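Me: I would like to go through some of the labels used for this structure and ask what stands behind each one.

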Amino acid sequence: MAHVRSLFFDGPLAEVEDKALKAVELGRPSEVIWNITNRCNLLCEHCYMAADGHAKPEQLTDEEAIAIVDQMVESGVPVLFMSGGEPMMRKNFWDILERARAGGMHVVISTNATMIDREAARRLKTLGVDWIATSLYGPPHFHDAMVRVPGTHAKVVEAIKVLREEGVGVALKSAVSKETLPYIPHIIAKAKELDCGLIYLCDLITSGRSAGEEDSRISVAQWKELAEVIVDDMLDPDVKLEYDIGALPSMIPYLAKRFEERGVDVSKGLERLKIMSACPVGKGHMNINSEGGIMPCQFAQDWVIGNIREMSLADAVRELYVFDQTDAKGWCSDAECEYSRICRGCRTKAFHEFGDPLGVDTTCILKSRDSATSEPVHTLDPSLSPASPCCAPGACG
């Protein structure tokens, strides 16, 4: 994860990121993404966890969950992401949230938003939740097909409206793939229309239901074209939208170069990245799954370093920091890349592709084999009507 505006300009998450940065400097956990349940009421075709309606047999008990929150508070965790599955399907969701907020943690809820009504939105606001993160993949017909539950798009849009009316910030998320790329203009336009403060664009992670779908990723040339949309928005004084890039850390040094070419001083952001790299693995960032497994990254559920039932957060952080000090291989190494310590490459992609988290990130937009390609790409025109059927692959002839 890398918040572009907050990194290079003065974005909405600068204060929270400062706290995470301080935690890294102190050798503490900087942020925890916690899949509090594996249950979900949707069946998204790209879900990295293959979540469904069933809880895992060894799911943490309610008492264990509360104890983990207390341990996070004692360890000084500044930011907690409550995720799933669908986190609101866990019966003690509100108890966990209330305990975390009482302990002073910033909490972001990553939810499909189908369970958020006016009452829930007001309760979230009362508890001091600043951000809800929810997914949108395109117009209604496409989104509902992706999540395999009809009517979901309408519920998401209504939930976003209610959340904004109640003063809760909304981050709109989307996986970026060959399927979703034609709809990225729609998603960006929808984020602005619905007054979302942030849009999270994540390169496709090939695990769970999308395992083996590497060919579904978009090309380097297409990511570079998308980068131009981001740069233009960042430099438009009328646009306040924050962009967060997931699973493609090389996008951040690439954007820094593009900003420099447009006359922006990016030195402060690059210095920050030397402390908290664009791939946060090993920088105090960690994931805890519903069964207590501790992972360096939520997108690699098989890369487990221990279990919270036996390993403390402090021990996990120490192990992760050792990993961070280990040089990556190939074009991701310190010797071969000037950005190795501010980017690090996507360690999860290396894990999935080679079984080695220190392997090269073959999707790097600066070093990969097709990084200089000039292949024709789909035109990402944000001015396209969000409802235009001609955005669809093969539509309109």
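The turns below take up cysteines and one strand of this predicted model.

Me: Why is Cys-47 counted as buried?

Reply: Its relative accessibility is 17%. Buried means under 20%, so Cys-47 falls in that class.

Me: What makes Cys-337 buried or exposed?

Reply: Cys-337 has 10% relative accessibility. The cut-off for buried is under 20%, and therefore Cys-337 is buried.

Me: How many disulfides does the structure hold?

Reply: The count is 0. Cys-47 is in no disulfide, and the nearest cysteine sulfur, that of Cys-44, is 6.4 Å away. A disulfide requires two cysteine sulfur atoms within 2.5 Å, so the pair Cys-47 and Cys-44 does not qualify.

Me: Why is Cys-337 not bonded to Cys-364?

Reply: Between their sulfurs lie 6.3 Å, and Cys-364 holds the cysteine sulfur closest to that of Cys-337. Set against the limit of 2.5 Å, this is too far for a bond.

Me: What makes strand β7 mostly covered?

Reply: In β7, residues 242-246, 5 of 5 residues are buried. Glu-242, Asp-244 and Gly-246 lie on one side, with Tyr-243 and Ile-245 on the other, and both faces are covered. Such alternation is expected because side chains in a regular strand point to the two faces of the sheet in turn.

Me: How do you know that β6 and β7 pair?

Reply: Strand β6, residues 198-203, is joined to β7 by 5 bridges. Pairing needs at least two bridges, so these strands count as paired, and they run parallel. Cys-202 has Gly-246 of β7 as its bridge partner. From β6 the chain passes through helix α9, residues 220-234, to β7 in a right-handed β-α-β crossover.

Definitions and conventions
Residues are numbered from 1 along each chain as its sequence is written. This is a predicted model: local features need pLDDT of at least 70, side-chain atom pairs count only at pLDDT 80 or more; totals for chains, interfaces and linings use all residues. Side-chain values use heavy atoms; hydrogens and water are left out. Buried means under 20% relative accessible area, exposed over 50%, partly exposed in between (1.4 Å probe, protein chains only). Helices (H or I, at least four residues) and strands (E, at least two) are DSSP runs, numbered from the N terminus. A crossover is right-handed if, with the strands pointing away from the viewer, the path from the first strand over the helix to the second runs clockwise.
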